[in-house]
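Trainee: I would like to go through this model with you slowly and ask where each word comes from. Could you set each value against its definition as we go?

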Amino acid sequence: MLFEVKDLCGPNVPPVSFALDAGEVLPVRGDSGVGKSQMLRTLADLSPHEGEISLEGVQQQSMSATDWRRQVALVPAESGWWADTVAEHFPSRPLEAWWERLRLRAALWDSPVERLSSGERQRLAVLRALALEPRVLLLDEPTANLDRDNAEAMAGLLLDYLRDHGAGAVWISHDPREVDAHGDRWLEITSEGGVLHGAV
Amino acid sequence: MELYSLTPFDLALAAGLVLALGLVQVLLGLGLFRTLALNSVRMVLQLILVGVILEAVFDAATLPWIALIALVMMALAGYEVVARQKRAIRGWHGYGIGLAAMSATALIVTVLALTFVIETDPWYTPQYAIPLLGMILGNTMTGIGLALNNLTQTAWQSRREIEARLVLGHSVREATAELRSDSMRAGLIPTLNMLAAAGVISLPGMMTGQILAGTPPIEAVKYQILIIFLITAATGFGSLVAVQLGARRLFDARDRLRLDRLRSGR
């Protein structure tokens, strides 16, 4: 098993358990404010929580927080940018092929973050996380600010990455079409807890 | 030159000026009269109290008494550091960080100056020890308060930027590098201003006092230079210690940004 979550709960996170295989996407749905984003934060060990989370059998708490977050990468709904230019936020230049697939202009690399559109920020934030080559991606509505063509390009790139790297994804989405396309199982978060739907 | 002893009438004359200011404010409807009056009365009472205590301590001049006074000064300064912050760190940690930073710097710098520079006998001679500690502590307190206020406020405002770095696997040290250096700078700004303004724009209070008391200006200047160096060192190191301790307290053992450890904004 790639990623296992047992009896996870925390402040603003209803109890939830699930497991994820290599290459698998687990879509997450639920009413807004029910704790979906908060759950992703605990999976990345960004907020206090209880329960057991493990990556390829290794417990979250037995790994350093920085190592864990490089392998279980969270892409929050709103990305943060701490430096002036786009380039400063990347350890190295991401693959040209990724850049082109997301239809990002080459000139963006050196441009100030301030001038980016919300859609460009979102795409760059995903690339920034992919550059770490994580084993698990925690995606909080990664296509929310994108038009249809760009959203499809993003979903395509993410699915290819998961397949090529044998990685998994926990994917919050409000677009049922997008979610249905990714697999036969999905996780519903209610205020009482998480419910797994679909084939077991 | 003898020191001219001020009469109550002299002080009443000066107080009259503040009273006039208060009356003008009432006429203009500025509503600051109460605050002004209360704080003026408070200032007079505090200073008279200090004067009485100092007279007693100077007479007694034993180490335990002076240590007690120093302790009370430190405790009050520690409280002030927390009180000046909009989002201070909650609980004993918030108080302790300011206190630890001041003890590690203001106290040590004062003791070093007394033993190695001024070489008074005994080293804790209250006429030197208490005013020296007071001046260094007052400035260090301001610096540490500003540094910690900047740290907690900026951390609160740039939560998204800090967490963006954490989720990319950056360490707390990397994610807070800019925050820490900015906060240290904030703590040092009043001191840097003092260095630039000393003697040109402002005549430092202690030097003025010594000259009024009949000390030759060049002697007073030498003391003032000493004090300014001590204040600068104590404030700089104090801000450094406070910012390091404070930044660490913003995160838990799992390197999570814990803004719930800050008080809610006032």
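Mentor: Let us begin with a helix, where A:Asp149, A:Gly156, A:Arg163 and A:Asp164 are exposed on one side of α5(A). Please keep in mind that this is a predicted model, in which local features need pLDDT of at least 70 and side-chain atom pairs count only at pLDDT 80 or more, while totals for chains, interfaces and linings use all residues. Residues are numbered from 1 along each chain as its sequence is written, and chains are lettered from A and ligands numbered from 1 in the order in which they are written.

Trainee: What makes a residue exposed, buried or partly exposed?

Mentor: A residue is exposed if 12 or fewer other C-beta atoms (placed from the backbone) lie within 10 Å of its own, buried if there are 20 or more, and partly exposed in between. By that rule A:Met154, A:Ala155, A:Leu158 and A:Leu162 in α5(A) are buried.

Trainee: How do you know on which side of α5(A) they lie?

Mentor: The four buried residues cover an arc of only 95° around the axis, taken from the directions from the helix axis to the C-beta atoms, and therefore they are placed on the same side of α5(A). The exposed residues, A:Arg163 among them, are on the other side.

Trainee: Why is α5 of chain A called a helix, and what should its residues span?

Mentor: A helix is a DSSP run of H or I with at least four residues, a strand is a run of E with at least two, and both are numbered from the N terminus. Helix α5 of chain A has 18 residues, 148-165, so it satisfies the minimum. The expected span is 1.5 Å times one less than the number of residues, which gives 26 Å here, and the end C-alpha atoms are 26 Å apart, so the two agree. After α5(A) comes A:Gly166, with a positive phi near 60°.

Trainee: How do you know whether A:Ala169 is buried or exposed?

Mentor: A:Ala169, which lies in strand β8 (residues 168-172) of chain A, has 25 other C-beta atoms within 10 Å, so it counts as buried. Contact means that two C-beta atoms, placed from the backbone, lie within 7 Å. Beyond its neighbours within four places in sequence, A:Ala169 is in contact with residues including A:Val136, A:Leu158 and A:Leu162, and the last two are among the buried residues of α5(A).

Trainee: And what makes A:Asn12 unusual enough to mention, and how is its exposure classed?

Mentor: A:Asn12 is a residue other than glycine, and yet its phi has a positive value near 70°. This residue is found in the loop between β1 and β2 of chain A, and with 14 C-beta neighbours inside 10 Å it counts as partly exposed. In chain B, B:Ala61 also has a positive phi, of about 50°, without being a glycine; it sits in the loop between α2 (33-60) and α3 (63-83), and its 15 C-beta neighbours inside 10 Å make it partly exposed too.

Trainee: What order do the strands of the open sheet have, and which ones stand at the edges?

Mentor: The four strands follow the order β2-β1-β4-β5 (chain A), with antiparallel pairing. β2 (13-20) and β5 (58-59) each have a single partner strand, so one side of each is left without a neighbour in the sheet, and they stand at the edges.

Trainee: How do you know that β4 and β5 of chain A pair?

Mentor: Two strands pair if DSSP finds at least two bridges between them. Two bridges join β4(A) (residues 50-55) to β5(A), so the condition is met, and A:Ser54 has A:Gln59 as its bridge partner in β5(A). Elsewhere in chain A, five bridges join β9 (residues 185-189) to β10 (residues 194-198), which run antiparallel, with A:Ile189 standing opposite A:Gly194. Their hairpin has four residues between the strands, and A:Gly193 there takes a positive phi near 155°.

Trainee: How many helices and strands are there in chain B, and where do the two chains touch?

Mentor: Chain B has 10 helices and zero strands, and buried residues make up 33% of its 266 residues. The contact takes 18 residues from chain A and 13 residues from chain B. On the side of chain A that touches chain B, α2 (65-71) and β6 (72-75) give two or more residues, with α2(A) giving the most, four residues.
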